[in-house]
Amino acid sequence: MGRILSTSNGVAGVILLTIVLTAALFGPWIAPYDPQLFHSQARLQGPSATHWLGTDQFGRDLLSRILNGAPSTVLFGMGATSLGVCAGTVIGVIAGVAGGRTDGVIMRILDGMLAMPELLFTLLIVTFLGGGTLQALLAVGVAFTPGMARIARSAVLSVRTREYVLAARARGESRSWIVLREVLPNAIGPIIVEATIRVSFAIMIGATLGFLGLGAQPPSTEWGLMVSEARQFMFRNPWGVIIPGIAIAMTAMGFNLFGDALRDAFDPKRSL
Amino acid sequence: MNLSYLIRRLVAVLVVMAIVTVAVFAITNVLPGNAALMILGENATAQNLAALERQLGLDRPLLVQYFDWVSGVVRGDLGMSLRLGLPVAEVVGSAFINSMWLAGLALAAVTVISIPLGALAAIKRGTVYDTGIGVFSYVGTALPEFVTATLLLVLFASPANPIFPAGGFADPMEDFGLFLTHAALPVATLGLVLMAHISRQVRSEMSEVLSSDYVRAARIKGLSERRVIWRHTLPNSMAPAVAVISLDIGYLLGGIIVVEEIFAWPGLGRLLIYALQNRDLPVIQAITLVLAVVYALSNLISDLVIAKLDPRVRYG
């Protein structure tokens with residue numbers, strides 16, 4: 001942690017993440033209004049004393065909606081990433097440990113999946129699953145799997161021939177013991193770093209799916225959906241677009257900066 | 001680099017393409033509700049459905065359908081669009097050209113702007129300028145395209161202040177100026193994210209070169225700073241820059257989906273969203289395949305360019 005806070009990027013990441021996680025943990029309780037309540041006398045307003053961040057086309061308080069959307073947005077990013085990381089790590093470790101033919105076949109299949117742009121892959125899966133928040137989460141998780149598998153595999157390959165692994169083998173430890181106790185703990189660093197950075201991508205893709213109408217559905221307070229709904233009125237009240245846009249950017253940036261700082265802390269040589 | 005390397009790489013591309021066709025076919029054929037149901041609607045009778053399924057060949061085993069589709073692809077026959085009543089090759093072909101104009105323009109703009117930007121940040125490391133580029137690159141990569149696009153529309157295409165058209169397309173072959181005004185906002189949207197990412201990568205690659213032994217040697221030799229940068233640093237930073245740009249092409253190809261949808265650009269992205277909404281399977285399959293081929297080929301080309309730029313890279 002000390003190493004992370006030693007760079008300005010790390011400090012910025014920690015500050016942003018603290019704000020975002022506070023909103024995610026307590027948002028629904030500190031919101032000044034009910035996020036679905038129509039204030040019919042105050043539609044499409046800019047920031048004011050009564051509505052700090054303004055209101056949308058139904059007069060719903062934007063600050064309250066943002067705060068209410070925070071837990072699901074952060075959970076979505078972490079959930080989708082965890083799914084991709086778990087599935088990818090299992091596949092990557094199998095490929096890396098098995099080597100040879102199994103490795104070759106797995107890698108070719110991963111190459112095929114990676115040959116499609118990530119968003120396209122996600123769109124295909126989410127359409128097949130039928131749209132909705134859970135479906136979007138699954139789709140992003142599946143789309144992340146091949147990339148994570150590659151990273152896990154190369155992390156495994158880099159420790160596979162280290163002395164401590166050879167020593168464990170010489171001691172006659174079982175294969176699963178070696179993988180779980182020697183290989184994984186030493187290969188986990190790059191996987192965690194990549195996962196942290198990917199949370200920000202997951203949040204951005206999730207918001208994009210919400211925007212395209214394939215993720216969360218109205219009247220959800222999902223941030224991408226909020227931008228999409230506010231777009232119709234963007235020339236009358238740009239705040240409806242700007243506020244959720246800033247919320248998405250802050251969250252994505254927080255995870256991004258924190259992930260970069262984490263990588264530098266793991267590997268001081270890379271910090272330039 | 002030699003011919004056998006090139007052939008091996010092309011074969012590898014073909015293998016990946018084969019896997020992509022399987023993946024695309026698998027995903028599109030587990031879509032709930034098949035094409036016949038989609039065409040006839042919810043109220044279709046079982047008889048009509050069966051007849052149309054037979055007509056479209058959907059009643060045959062999946063394996064037969066797959067090989068039928070692949071052999072068509074190889075012959076350049078992508079089938080008929082289920083919704084538009086036109087050959088897929090025709091529809092996708094014209095959309096492809098429009099998309100390539102957009103992607104090509106964005107890529108050119110990004111390359112021209114972000115390499116000097118990143119290089120300057122590396123040279124002026126630790127200054128206000130460097131910090132500014134750093135902040136810009138983090139903000140740029142954290143804004144999804146649909147947010148940037150919407151903000152650009154508010155700023156530059158509002159009814160009160162219509163500097164650029166809010167959407168649409170003009171044929172560059174007929175009126176290039178008009179085409180550019182239509183392309184301005186989509187290109188700016190795509191460019192912002194890519195510029196942010198690429199300039200950061202170029203900065204970090206170049207910082208590494210600047211702290212290398214041969215640059216130090218050049219300085220000790222007493223070469224002017226200008227010569228150190230132009231002759232020793234920049235040429236050695238170009239290969240990594242190309243590598244970064246080629247990786248971002250996958251991102252660019254994903255980005256055009258959203259950007260084309262927002263700006264009503266008649267390209268592959270917009271066509272894909274339409275096809276997905278209408279379960280137009282042949283069109284979905286063709287677009288996915290085209291994008292995968294473009295991505296694979298651009299990776300191959302960038303590897304060849306890198307080998308040309310950096311004599312240390314040998315492919316054997």
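Me: Before we talk about chains touching, what makes two residues "in contact" here?
Reply: Their C-beta atoms, placed from the backbone, have to lie within 7 Å. Keep in mind that this is a predicted model.

Me: OK, so how many residues of chain B are in contact with chain A?
Reply: 37 residues of chain B, and they meet 37 residues of chain A.

Me: Which elements of chain B give two or more residues to that side?
Reply: Those are α1 (3-29), α6 (128-142), α7 (145-156), α8 (176-210), α10 and α12 (281-309) of chain B.

Me: And what's that side made of, by class?
Reply: On the side of chain B that touches chain A there are 28 nonpolar residues, eight polar and one charged.

Me: Switching to the fold: how many helices and strands does chain B have?
Reply: 12 helices and two strands. In sequence order the pattern is α-α-α-α-α-α-α-β-β-α-α-α-α-α.

Me: What does the C-alpha trace of chain B span?
Reply: About 85 × 60 × 35 Å along its principal axes. Of the 316 residues in chain B, 38% are buried.

Me: Now W265(B). Where does it lie?
Reply: In the loop between α10 (225-263) and α11 (268-277) of chain B.

Me: Buried or exposed?
Reply: W265(B) counts as buried, because it has 24 C-beta neighbours inside 10 Å, and the cut-off for buried is 20 or more.

Me: What does W265(B) touch, leaving out residues up to four places away in sequence?
Reply: N98(B), L102(B), F169(B), P186(B), E260(B) and R270(B).

Me: How far apart are W265(B) and T288(B)?
Reply: 18 Å in space, C-alpha to C-alpha, and 23 residues in sequence.

Definitions and conventions
Residues numbered from 1 in each chain as written. Chains lettered and ligands numbered in written order. Predicted model: local features only at pLDDT ≥ 70, side-chain atom pairs only at ≥ 80, totals over all residues. Helix = DSSP H or I, 4+ residues; strand = E, 2+ residues; numbered from the N terminus. Buried ≥ 20, exposed ≤ 12 C-beta atoms within 10 Å, placed from the backbone. Nonpolar A, V, L, I, M, F, W, Y, C, P; charged D, E, K, R; others polar.
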